[in-house]
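Visitor: Can you walk me through this one? I'd like the short version.

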Amino acid sequence: MIDLRSDTVTRPSKAMRQAMADAAVGDDVYGDDPSVNQLEQEAAAMSGKEASLFLPTGTQANLVALLTHCQRGDEYIVGQRAHNYMFEAGGAAVLGSIQPQPIDIAPDGTLPLETVASVIKPDDFHFAQARLLCLENTHNGKALPLDYLHQAWAFTRKKKLALHVDGARIFNAAVAMNVPLTTLTQYCDTLTICLSKGLGAPVGSLLCGSAEYIKRARRWRKMVGGGMRQAGILAQGALYALHHNVERLREDHDNASWLAQRLEDMGVEVIGSGAQTNMLFVRIPANEANQLGPWMKQRGVLINAGPVTRIVTHLDVSKEDLQRVAELWGEFKRLMAVPGSGSGQASRAIYEG
């Protein structure tokens, strides 16, 4: 199957699996796993932070980040459609008693700082105290502008807020902008990095920050069940990803741009300016949206089709795969152009192809 639903579907390569099989391991809860220790040291250096912490999932990494930054009854300011507000099951509120203050995200993925300022509540016992601003980089495939990151950093210093970045795809942002990761991470107190998306590791995320912060985060990780034993098997997969799969993200970006242009050429509406990184979004007429997904699946392509459809490229999708997708999409559009394509007879033609 050609799977364009997400870059979370990536699978470890044979070379990565071999590195995992050969991993030196120990009990990481005791701090004895050499592979985990190496991963945490390298990730800290790459991000320009003093320390990092290896966690099983990005959701847990974001949760631990919030638990470490905030006390019960505190508030974090976050995007209305940010992952650590909308797609992580309300963990910060349920498990940490931390109140979210969501605001609308601008089209470029930023949180307008004037809006952030307007929702910071007075220092009054009637209100939750804002402790943290959370950004997401990339957001819907958009890399946050450098000048905005600088402004957000200065803003949070002035407002006495900490700044956390959900950097699940922050390496995509760095590669797209042709800058070292530290160029982006100098403008935050803490960040998370997901290893199991475009980087191709099967499991794991990192939380990076100061040594004192990570020491406190390690306690929270244990509390929420993230302490692992011989986790070096997983850490070696993550190390392989950091050593071999960062610069190759550029290939995913190029493939997404190529596909966006092909779809536009055949009359598909690509939203915005196309693909900045490894994601593009297309708008599909209602009479096509219900049929596109099943039709593509029958032909070996997985897409979460809807009125707005996200397409994600990754290391398991080649240029040749995307040429096949474009050919199939063109065939689908020709079938849909048959007079009366909304009828049952035309629908049967779509499915029987």
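Visitor: Are Trp295 and Phe332 buried or exposed?

Guide: Trp295 and Phe332 are both buried. Buried means under 20% relative accessible area, exposed over 50%, and partly exposed in between, with a 1.4 Å probe and protein chains only. This is a predicted model: local features need pLDDT of at least 70, side-chain atom pairs count only at pLDDT 80 or more, and totals for chains, interfaces and linings use all residues. Residues are numbered from 1 along each chain as its sequence is written, and side-chain values use heavy atoms, with hydrogens and water left out.

Visitor: How many aromatic pairs are there?

Guide: The count is one aromatic pair. Rings of Phe, Tyr and Trp (its six-membered ring) pair if their centres lie within 6.5 Å; planes under 30 degrees apart are stacked, over 60 edge-to-face, and the rest tilted.

Visitor: Why is the pair of Trp295 and Phe332 called tilted?

Guide: Because the planes of the two rings stand at 55°, with the centres 5.4 Å apart.

Visitor: Where do the two residues sit?

Guide: Trp295 is in helix α13 (residues 286-298) and Phe332 in helix α14 (residues 319-336). They are 37 residues apart, so the pair links distant parts of the chain. Helices (H or I, at least four residues) and strands (E, at least two) are DSSP runs, numbered from the N terminus.

Visitor: Which charged end sits over the ring of Trp153?

Guide: That of Arg157, 3.7 Å from the ring centre. The rule wants NZ of Lys or CZ of Arg within 6 Å of the ring centre and within 35 degrees of the ring normal.

Visitor: New topic. How many disulfides?

Guide: Zero. A disulfide is a pair of cysteine sulfur atoms within 2.5 Å. For Cys70, the nearest cysteine sulfur is that of Cys134, 7.4 Å away. Cys70 is buried, at 4% relative accessible area. For Cys194, the nearest is that of Cys208, 12 Å away. Cys194 is buried too, at 6%.

Visitor: And Met223, buried or exposed?

Guide: Met223 is exposed, with a relative accessible area of 54%. Its place is in helix α10 (residues 211-223). Met223 and Val64 are 159 residues apart in sequence, yet 9.4 Å apart in space, C-alpha to C-alpha.

Visitor: What about the whole chain?

Guide: The chain has 15 helices and twelve strands. Of its 353 residues, 52% count as buried. The C-alpha trace spans about 65 × 55 × 35 Å along its principal axes.
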